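Reader: I have a new structure open and I'd like to learn how to read it. Could you walk me through it, feature by feature?

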Amino acid sequence: MKIKLCGFTNKPTIEAAIESGVDFLGFVFHRQSPRNVDIATVANLTKEIPNNVSKVSVTVDSSLDFLQKINDTLNPEYFQLHGQEDIALIEKIKNKFPEKKIIK
């Protein structure tokens with residue numbers, strides 16, 4: 001079984017999750033969420049996470065340009081699409097970022 005936790009906004013909770021054996025760390029990029037974080041903050045928070053822990057970018061109806069900014073800065077292993085993204089947009093995302101895994 002794999003464990004994914006989301007909504008990280010600070011280093012102590014990230015460290016606790018890693019110490020507890022989390023496999024995936026999720027970061028929410030959605031302004032309406034109380035757990036929203038900006039890309040620069042996540043870049044700083046994830047500088048020292050171990051290679052066996054994957055970063056998940058959680059977005060809601062984001063543009064390809066915004067996903068590109070996330071990708072360029074954080075290089076997450078996963079994009080989690082948590083909005084109304086349709087099959088056509090998901091296909092565009094897959095084509096633009098073929099190395100990324102998608103969670104929908």
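**Reading the model step by step**

Author: Sorting the lining of the largest pocket by class gives five nonpolar, three polar and two charged residues. Keep in mind that this is a predicted model.

Reader: Which residues line the largest pocket?

Author: The lining is made of Phe29, His30, Arg31, Asn36, Val37, Asp38, Ile39, Val60, Ser62 and Phe66.

Reader: And what volume does the largest pocket have?

Author: About 180 Å³.

Reader: Let's turn to the sheet. What order do the five strands have?

Author: The order is 1-2-3-4-5, the sheet is open, and the pairing is parallel. At its edges are strand 1 (4-6) and strand 5 (101-103), each of which pairs on one side only. On average, neighbouring strands of this sheet are turned by 25° against each other, if you ignore direction.

Reader: How many bridges join strand 1 to strand 2?

Author: Three, and the two strands run parallel. If you want one to look up, start at cysteine 6: its bridge partner in strand 2 is glycine 26.

Reader: How do I work out which way the side chains of a strand point?

Author: Here's the general idea: in a regular strand, side chains alternate between the two faces of the sheet. Now try strand 2. Phe24, Gly26 and Val28 point one way, while Leu25, Phe27 and Phe29 point the other way.

Reader: Are those residues of strand 2 buried or exposed?

Author: All of them are buried. The cut-off for "buried" is a relative accessible area under 20%. Six of the six residues of strand 2 pass it, so strand 2 is largely enclosed by the rest of the structure.

Reader: What about strand 4: which residues lie on each side?

Author: Tyr78 and Gln80 are on one side, with Phe79 and Leu81 on the other. They are all buried, and both faces of strand 4 are covered.

Reader: How does strand 4 pair with strand 3?

Author: Strand 3 (residues 54-59) and strand 4 (residues 78-81) pair in the parallel sense, over four bridges. You can follow the pairing from residue to residue: valine 56 has tyrosine 78 as its bridge partner in strand 4, and threonine 59 has leucine 81.

Reader: Which helix lies across these strands?

Author: Helix 3 (residues 64-74) lies across strand 2 (24-29), strand 3 and strand 4. Its direction makes an angle of about 160° with strand 3.

Reader: Can we zoom in on one residue? Why is valine 56 called buried?

Author: Valine 56 sits in strand 3. Its relative accessible area is 1%, so valine 56 counts as buried. Leaving out residues up to four places away in sequence, valine 56 touches Lys4, Phe24, Leu25, Gly26, Phe27, Tyr78, Gln80 and Ile103. As for isoleucine 18, it is 38 residues from valine 56 along the chain, and their C-alpha atoms are separated by 14 Å.

Reader: Now for something else. What should I look for in the backbone angles?

Author: Generally, most residues other than glycine have a negative phi. Aspartate 61 is not a glycine, yet has a positive phi of about 50°. You'll find aspartate 61 in the loop between strand 3 and helix 3. With a relative accessible area of 42%, aspartate 61 is partly exposed.

Reader: Where is asparagine 75 found?

Author: In the loop between helix 3 and strand 4. Asparagine 75 has a positive phi of about 50° although it is not a glycine. Its relative accessible area is 47%, so asparagine 75 is partly exposed.

Reader: Last stop, helix 1. Which residues does lysine 11 contact beyond its sequence neighbours?

Author: Lysine 11 is found in helix 1 (residues 11-19). Setting aside neighbours within four places in sequence, lysine 11 is in contact with Asn44 and Leu45. Lysine 11 and asparagine 44 are 33 residues apart in sequence, and their C-alpha atoms are 9.1 Å apart in space. Lysine 11 is partly exposed, at a relative accessible area of 28%.

Reader: And is proline 12 buried or exposed?

Author: Proline 12, in helix 1, has a relative accessible area of 56%, so proline 12 is exposed. From C-alpha to C-alpha, proline 12 and leucine 45 are 9.7 Å apart in space, with their places 33 residues apart in sequence as the separation.

Notes:
Residues are numbered from 1 along each chain as its sequence is written. This is a predicted model: local features need pLDDT of at least 70, side-chain atom pairs count only at pLDDT 80 or more; totals for chains, interfaces and linings use all residues. Side-chain values use heavy atoms; hydrogens and water are left out. On a 1 Å grid over the protein atoms alone, a cavity is a set of points where a 1.4 Å probe fits but cannot get out, and a pocket is an open set with protein on both sides within 12 Å along at least five of seven lines; lining residues have an atom within 4 Å of a point. Grid points are joined across faces, edges and corners, and a volume is the space filled by probe spheres set on the points. Ala, Val, Leu, Ile, Met, Phe, Trp, Tyr, Cys and Pro count as nonpolar, Asp, Glu, Lys and Arg as charged, and the others, Gly among them, as polar. Buried means under 20% relative accessible area, exposed over 50%, partly exposed in between (1.4 Å probe, protein chains only). Contact means heavy atoms within 4.5 Å. Two strands pair if DSSP finds at least two bridges between them. Axes are lines fitted to C-alpha atoms, for helices over the stretch in contact, and angles run from 0 to 180 degrees between N-to-C directions.
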